[in-house]
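Dear colleague,

Please find below the structure I promised to pass on to you. My notes on it follow directly after the sequence and coordinates.

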Amino acid sequence: MNKLEVNNLNLFYGENHALKDISLPIPAKQVTALIGPSGCGKSTLLRTLNRMNDLVEGVKIEGDVMFEGENIYADIDVKQLRMRVGMVFQKPNPFPMSIYDNVAFGLKAQGEKDKELISEVVEESLRSAALWDEVKERLHTPAMGLSGGQQQRLCIARAIAMKPEVILMDEPTSALDPIATHKIEELMDELRKKFTIVIVTHSMNQAKRISDKTAFFWMGELVEHADTDTLFQHPVDSRTQGYVSGEFG
Amino acid sequence: METASKMGQVTTSLTPAKKIDWIERLFHGLFFISAMVGVISVITIGWFVFYEGLPAFKEAGLLNFIFGREWLPPALYGISSMIVASLISTVGAVLIGVPIAIMTAVFLAEIAPKWMANIVRPAVELLAGIPSVVYGFFGLIVIVPAIEAVFDIPAGNTLLAGIIVLAIMILPTVITISETSIRALTPTYKAGALALGASHIYTIFNVLLPAAKSGIYTGIALGIARAIGETMAIIMVMGNAPAMPGSLLEPARSLTANIAMEMAYATGIHASSLYSTGIVLLAFIILLNAGLLYLNRQRGHA
């Protein structure tokens, strides 16, 4: 069962044809990694999945993205889409407010007033993000006081609090040290049981460690996608072969 | 050296430090003197205002001066009506001007399409450059008659006219500084909030404005300083009667107007009392800055 399906997607930034006829199925409750050199379009594709590209001026999109059988580029409520398809960014971006308020933010934005319910969700989400034990004594202190790795797990908790079905991760560990990265990867191993995860990563080792499927992008094209083991061990395309063997990129 | 260059090698030898680096010294001195110009000015102004103003405090008594309701030089020196006029006109201007200014700033930073922002922004900046005497004209021609018509009173030169003119005058300061501080925020705040399914409006009120708070406070404080210090426009539209205003539809005289209107002919204690009025004005400005510092420090701890 595919959670998301990208069908013949073309994306233009003005004159720049950034994504060229992409078709990619994203299976439910699996980790799909998008890899490729900088500027290949992998982050751009990720941002089409929750329509964050809408924020960029002059973007034009053709083709469609099916989410649970519905085209998200049809006339839909983008806010609902983004609640169901959460996102974690490259640089940890907690809001300048307390740890608690960061996690509660999404619920409050939906108009949730029940304080008990919010507290429950905050605790549950922080536990799911493996952060609860580190912050339970200081929930009402500024989130900016956390370390980079903790901030990123807070951002994951913030996304989980919306009970999404999909979590998009845009190079979530590229700003973190190896220990913090390891913690996030461990966490992802837990999250994959409940969520469909799409992750953009620069690290081929990370893709190998954590993903079930891998898609390789090259200059706006999806060159090939397959089970992660297959793609790394028996790449079909010579460009994939060159990239995964470290010859270039 | 010679052998080295003969052998074709590049050598860089470290020379001993000069005893005194005059260029370095010269510029340090220049920077220091520049910094001192402002500090010395503030001290000089403070010193002279106090030096000239103290005799009136002594003559009238500090409490009588501040709380006295009658201003009848050379007999009675009470400026409470002017303190009230200055405070009410400033508070009124802030209550009207600040919400408009913040909403304009949000509009420019977040909502307006580029072409529209490019029309509105220069218009706002132009507003900042208009001399206050021209604001006074505007008040006389537009606001004062409008008040006469709306409230059916004989003279529109009232506290309310002052409030409206001041509200417009503080707009550009508050707008410009608020917009700049909203724009200075990292775009990841907005992206993060929208990615959680929050609406644009919710994001503006719950993430962007709180995050830009300290900049907005600074803009408001500068706006208040401008309002409380404004003289010319106020003299032109507020009626200047040195009596306690009973309502917003009565004329009033601000602290600044009091100084400007009587300075030309005042002598002796009367002149000194105008300096004392200046001391009170300075005290308000100092309180304002202290309040701002306190607010921004609070934020630092939050």
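A pocket, as the word is used here, is an open set of grid points where a 1.4 Å probe fits, with protein on both sides within 12 Å along at least five of seven lines. The model is a predicted one, and the largest pocket in it has a volume of about 680 Å³. Its lining is made up of 23 residues, of which E57(A), A109(B), E110(B), R183(B) and K190(B) are the closest to the centre. In chain B, helices α4, α5 (114-129), α7, α8 and α9 each contribute at least two lining residues. Sorted by class, the lining of this pocket comprises 13 nonpolar, three polar and seven charged residues.

As to enclosed space, the search of the whole structure returned one cavity of 30 Å³ or more, and the space in the largest cavity amounts to about 30 Å³. Its lining consists of S86(B), S89(B), T90(B), A227(B), I228(B), E230(B), I234(B), S254(B) and T256(B). Two elements of chain B, α4 (80-111) and α10 (213-229), give two or more residues each to this lining; the largest share, three residues, is that of α4(B). Here the division is three nonpolar, five polar and one charged.

I turn next to the packing. The largest nonpolar core contains 55 residues, and those with the most contacts inside it are F95(A), F105(A), V165(B), I182(B), Y189(B), V207(B) and L209(B). Helix α7 (residues 159-183) of chain B supplies the largest share of this core, with twelve residues. A second core, separate from that one, has 46 residues, including L131(A), L187(A), I197(A) and I210(A).

Two residues of chain B illustrate contacts with chain A. Leaving aside residues up to four places away in sequence, Y189(B) touches P94(A), F95(A), P96(A) and M144(A), together with V207(B), L208(B) and A211(B). L196(B) sits in the loop between α8 (187-195) and α9 (200-211) of chain B. With the same sequence neighbours left out, the residues touched by L196(B) are R82(A), M83(A), F95(A), F105(A), G106(A), Q110(A), R158(A), A159(A) and M162(A). L196(B) counts as buried because its relative accessible area is 5%, under the 20% cut-off.

For chain B, an unreviewed UniProt entry lists residues 83-292 as "domain: ABC transmembrane type-1". In the model, this stretch of chain B is 80% helix and 0% strand, and its end C-alpha atoms lie 21 Å apart. The "transmembrane region" annotation, likewise from an unreviewed UniProt entry, covers several segments of chain B, among them 124-147 and 189-209. Residues 124-147 of chain B are 92% helix and 0% strand, with end C-alpha atoms 25 Å apart. For residues 189-209 of chain B, the values are 81% helix, 0% strand and 11 Å.

Lastly, some points of backbone geometry. Most residues other than glycine have a negative phi, and most peptide bonds are trans. The peptide bond from P73(B) to P74(B), however, is cis, with omega near 0°, and P74(B) lies in the loop between β1 (71-72) and β2 (76-77) of chain B. In chain A, A130(A) has a positive phi, near 55°, and belongs to the loop between α4 (115-128) and α5 (132-135). A130(A) is partly exposed, at 46% relative accessibility. Phi of K163(A) is also positive, near 50°; K163(A) is in the loop between α6 (148-160) and β7 (166-170) of chain A.

With kind regards

Key. Residues are numbered from 1 along each chain as its sequence is written. Chains are lettered from A and ligands numbered from 1 in the order in which they are written. This is a predicted model: local features need pLDDT of at least 70, side-chain atom pairs count only at pLDDT 80 or more; totals for chains, interfaces and linings use all residues. Side-chain values use heavy atoms; hydrogens and water are left out. A nonpolar core is a set of buried Ala, Val, Leu, Ile, Met, Phe, Trp, Tyr and Cys residues joined through side-chain atoms within 4.5 Å. Buried means under 20% relative accessible area, exposed over 50%, partly exposed in between (1.4 Å probe, protein chains only). Helices (H or I, at least four residues) and strands (E, at least two) are DSSP runs, numbered from the N terminus. Contact means heavy atoms within 4.5 Å. On a 1 Å grid over the protein atoms alone, a cavity is a set of points where a 1.4 Å probe fits but cannot get out, and a pocket is an open set with protein on both sides within 12 Å along at least five of seven lines; lining residues have an atom within 4 Å of a point. Grid points are joined across faces, edges and corners, and a volume is the space filled by probe spheres set on the points. Ala, Val, Leu, Ile, Met, Phe, Trp, Tyr, Cys and Pro count as nonpolar, Asp, Glu, Lys and Arg as charged, and the others, Gly among them, as polar. UniProt positions are given in the numbering used here, feature names are shortened, and annotations may be inferred rather than shown by experiment.
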